Amino acid sequence: MKRFYGIYVAIVTPFTDSMKVDYDRLREHADWLIQNGVHGLVPVGSVGEYAALDDEERAKVVETVVEAAAGRVPVVVGTGAPSTQKAVGWAEHAKRVGASGIMALPPINYNPTRSEVISFYQSLSDVGLPIIAYNNPFDTKVDLTPDLLAELCKLEHVVAVKEFSGDIRRIHEIYEKTDLEVLAGADDLALEGLLAGATGWIAGFTNSHPKESVELFDFAINRKVSEATQLYRRLLPLFRYDSTPRLVQSIKYALELVGRPVGRARAPRLDLTNEEKESIEKASQCI
């Protein structure tokens, strides 16, 4: 049985007009996603703006999502942090409050050696929660290649990888060289990843379109390729924004368009331009 089967939503962090965390809206949003059939929630990832939260806010966001899930779906907590000590601290907090696992970026603030990457994940593994290693070579200086994952999978609690390299061929190589579960990591490669054998998907625009995302996952996992392709082509104009630096603002604007506003993104992210908004509106009309 797969630990991380299904769609895990990288959940947004809502803010009020005064840019304070809106915990009530967060609780409501988590509940809405679960009611619409998602399989899990991932707070304080990149989409959740973890780097823009102070420690007290970040801890309370995690606690709020765990409480809102109430055991109905697993909660996997992002541990991105500038030091091993801080990342381990967030992993320990996740374990204390009842999370089911962690999604762990490699060291994010410099270009570590191979041995440093392995040591980093060993420290996280020692906490004792299942780990989804997050490969995002665009936002970090580390590429978790299949060969490196073959080393990491020897660690007791590294059990899965979120694959965000953009190279769909890697999924096959990861399965050849490791026993890790693979989760698609980009919305605009979700169908390709699932058809290539990924058993999960850590999704961004599922925040605004959970029903359609769950339907796409079900079509893909059951190999209903024609139905999946037709739906995917409707979703792709919006999903492509998941692979851009403006993904957080775009997801939040998509939520506004479906009548579920969650506020703006925090600085240093700036608001979308009118041209960007018009483009997202046009993409949303395809769905």
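**Exercise 1.** Determine how helix α10 and helix α11 pack in this predicted model, and which residues make the contact.

*Solution.* Helix α10 covers residues 247-257 and helix α11 covers residues 274-284; the two pack at an angle of about 60°, and their axes are 10 Å apart. Angles under 35 degrees count as roughly parallel and those from 65 to 115 as roughly perpendicular, so α10 is oblique to α11. The crossing of these helices is right-handed. From α10, the contact involves Ser250, Tyr253 and Leu257; from α11, it involves Lys277, Ile280, Glu281 and Ser284. Sorted by class, the residues of this contact are 3 nonpolar, 2 polar and 2 charged.

**Exercise 2.** State which bond joins Ala267 and Pro268, and locate Pro268.

*Solution.* The peptide bond between Ala267 and Pro268 is cis, with omega about 15°. Pro268 itself belongs to the loop between α10 and α11.

**Exercise 3.** Examine the phi angles of Val44 and Glu49, and decide whether each residue is buried or exposed.

*Solution.* Val44 is not a glycine, yet its phi is positive, at about 50°. Glu49, also a residue other than glycine, has a positive phi near 60°. Val44 lies in the loop between β2 (40-42) and α2 (55-69), and Glu49 is in the loop between β2 and α2. Buried means under 20% relative accessible area. Val44 has 1%, so Val44 is buried; Glu49 has 4%, so Glu49 is buried.

**Exercise 4.** Describe the surroundings of Asn136.

*Solution.* Asn136 is found in the loop between β5 (131-135) and α5 (146-152). Its relative accessibility is 2%, so Asn136 counts as buried. Apart from neighbours within four places in sequence, Asn136 contacts Leu105, Val142 and Phe164.

Terms used:
Residues are numbered from 1 along each chain as its sequence is written. This is a predicted model: local features need pLDDT of at least 70, side-chain atom pairs count only at pLDDT 80 or more; totals for chains, interfaces and linings use all residues. Side-chain values use heavy atoms; hydrogens and water are left out. Axes are lines fitted to C-alpha atoms, for helices over the stretch in contact, and angles run from 0 to 180 degrees between N-to-C directions. Helices (H or I, at least four residues) and strands (E, at least two) are DSSP runs, numbered from the N terminus. Angles under 35 degrees count as roughly parallel, over 145 as roughly antiparallel, 65 to 115 as roughly perpendicular and the rest as oblique. A crossing is left-handed if the near helix is turned anticlockwise from the far one by less than a right angle, and right-handed if clockwise. Contact means heavy atoms within 4.5 Å. Ala, Val, Leu, Ile, Met, Phe, Trp, Tyr, Cys and Pro count as nonpolar, Asp, Glu, Lys and Arg as charged, and the others, Gly among them, as polar. Buried means under 20% relative accessible area, exposed over 50%, partly exposed in between (1.4 Å probe, protein chains only).
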